[in-house]
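This briefing goes through a few residues and the nonpolar interior of one protein chain. Please look at the sequence and the structure before reading the points below.

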Amino acid sequence: MSAYGHEHMYSTRSLSAGSEMGSSFVLESGFYITSFSATIFIAGFAALGLLLVTLLVSMAMMLQSCQNSNGGIIELRNINNDYSYCKIHSLHAKLNNLEEHNVPNICKDLALQYIKGGQYARDLDSTKSVIEDYFNGVKPSEDGFDVVLIDIDSLFQWNPPHSSNLLLSISNCIIDAKYLKRVLMLRIYKNLQASGWSIILLSRESGTHQNVTINHLVDAGFRGWSSLMMRADDEDSTKENEYFSRQRNVIQTKGFRIKSIISSHVDILTVTDADTGMRKFLLPDPICDMFEPQRSA
């Protein structure tokens with residue numbers, strides 16, 4: 001082969017090699033990633049996005065929970081404020097023997113919530129603990145003349161239920177409240193008897209209802225009391241302070257010593273002697289009791 005042929009072949013190979021080198025340089029200068037790496041990269045972005053979405057949902061739920069919680073606190077505060085408001089009216093009405101129309105209407109609905117919501121039962125149980133704590137530390141005298149005076153008028157439903165819806169709800173409220181109080185008082189009553197205390201039961205009801213009252217007491221489980229004191233047939237039912245004072249004098253004249261009084265009413269607690277040895281217990285009284293008509297003699 002001539003020298004020209006060799007030179008031509010060398011030139012052709014050089015161009016071919018140069019062309020291949022140029023193609024390799026273009027590929028190496030770009031961004032190259034394998035399919036496996038790309039999969040991991042995309043999965044990482046997806047996980048990050050899912051994490052952000054989850055965080056946003058969690059924050060939204062926490063915010064909603066805080067709003068609901070704050071709403072519940074505000075509602076509870078409103079109920080407590082309303083109940084305190086009605087309790088003050090109830091106390092003044094009882095102290096002054098006012099009629100039911102002197103109590104705001106909002107107190108009627110609140111009275112139903114107080115019973116149905118269970119707060120009244122909890123208040124009764126707390127009072128029972130206070131009474132039991134006291135009597136756990138004192139004992140009756142051996143002569144048997146130390147007595148506990150129990151007011152029974154708030155333990156039973158004397159009047160038939162009403163027909164209207166509102167009054168029927170109030171009547172049911174009264175029945176439920178009296179049942180809860182009667183169960184609690186029976187426990188206290190039996191504990192006192194077991195500890196050797198003599199018990200005198202006192203009622204504002206006329207003596208003409210004595211048999212009915214005794215039947216109510218026995219059916220409820222009350223037995224073995226020392227005395228049941230009721231108002232005389234010709235006694236003025238409006239002068240309750242005089243009635244309590246007279247009954248107290250009768251008890252003391254017979255030689256008994258009143259060591260404690262348990263009642264749901266403040267009237268009986270205000271006419272007794274200011275004896276430092278006498279302990280008085282006021283049972284919680286639901287506001288709905290104020291809407292109970294008095295039974296005629």
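The model shown is predicted. Lys87 is part of helix 2, which covers residues 35-95. The points below take up Lys87, then Asp146, then the nonpolar cores.

**Lys87**
- Lys87 has a relative accessibility of 30%, and because partly exposed residues are those between 20% and 50%, Lys87 falls in that class.
- The C-alpha atom of Lys87 is 8.9 Å from that of Pro286, although 199 residues separate the two along the chain.

**Asp146**
- Asp146 belongs to strand 1, which spans residues 146-151.
- With a relative accessible area of 7%, Asp146 is buried.
- Its side chain makes a polar contact of 2.7 Å with the side chain of Arg257.
- A polar atom of the Asp146 side chain also lies 2.9 Å from the backbone nitrogen of Ser141.
- Beyond neighbours within four places in sequence, the residues in contact with Asp146 include Pro140, Trp197, Ser198 and Lys259.

**Nonpolar cores**
- The largest nonpolar core contains 35 residues, and Phe135, Ile150, Met185, Leu192, Leu201 and Ile262 have the most contacts inside it.
- Among the elements that give two or more residues to this core are helix 2, strand 1 and strand 2 (198-206).
- Helix 5 contributes the most to this core, namely eight residues.
- Ile262 touches several residues further than four places away in sequence, including Val148, Ile150, Met185, Leu192 and Phe281.
- A second core, separate from the largest one, has 13 residues, among them Leu149, Leu202, Phe244 and Ile268.

How values were computed: Residues are numbered from 1 along each chain as its sequence is written. This is a predicted model: local features need pLDDT of at least 70, side-chain atom pairs count only at pLDDT 80 or more; totals for chains, interfaces and linings use all residues. Side-chain values use heavy atoms; hydrogens and water are left out. Helices (H or I, at least four residues) and strands (E, at least two) are DSSP runs, numbered from the N terminus. Buried means under 20% relative accessible area, exposed over 50%, partly exposed in between (1.4 Å probe, protein chains only). A polar contact is a pair of N or O atoms within 3.5 Å; within protein, one must be able to donate a hydrogen and the other to accept it, and residues adjacent in sequence count only if both atoms are side-chain atoms. Contact means heavy atoms within 4.5 Å. A nonpolar core is a set of buried Ala, Val, Leu, Ile, Met, Phe, Trp, Tyr and Cys residues joined through side-chain atoms within 4.5 Å.
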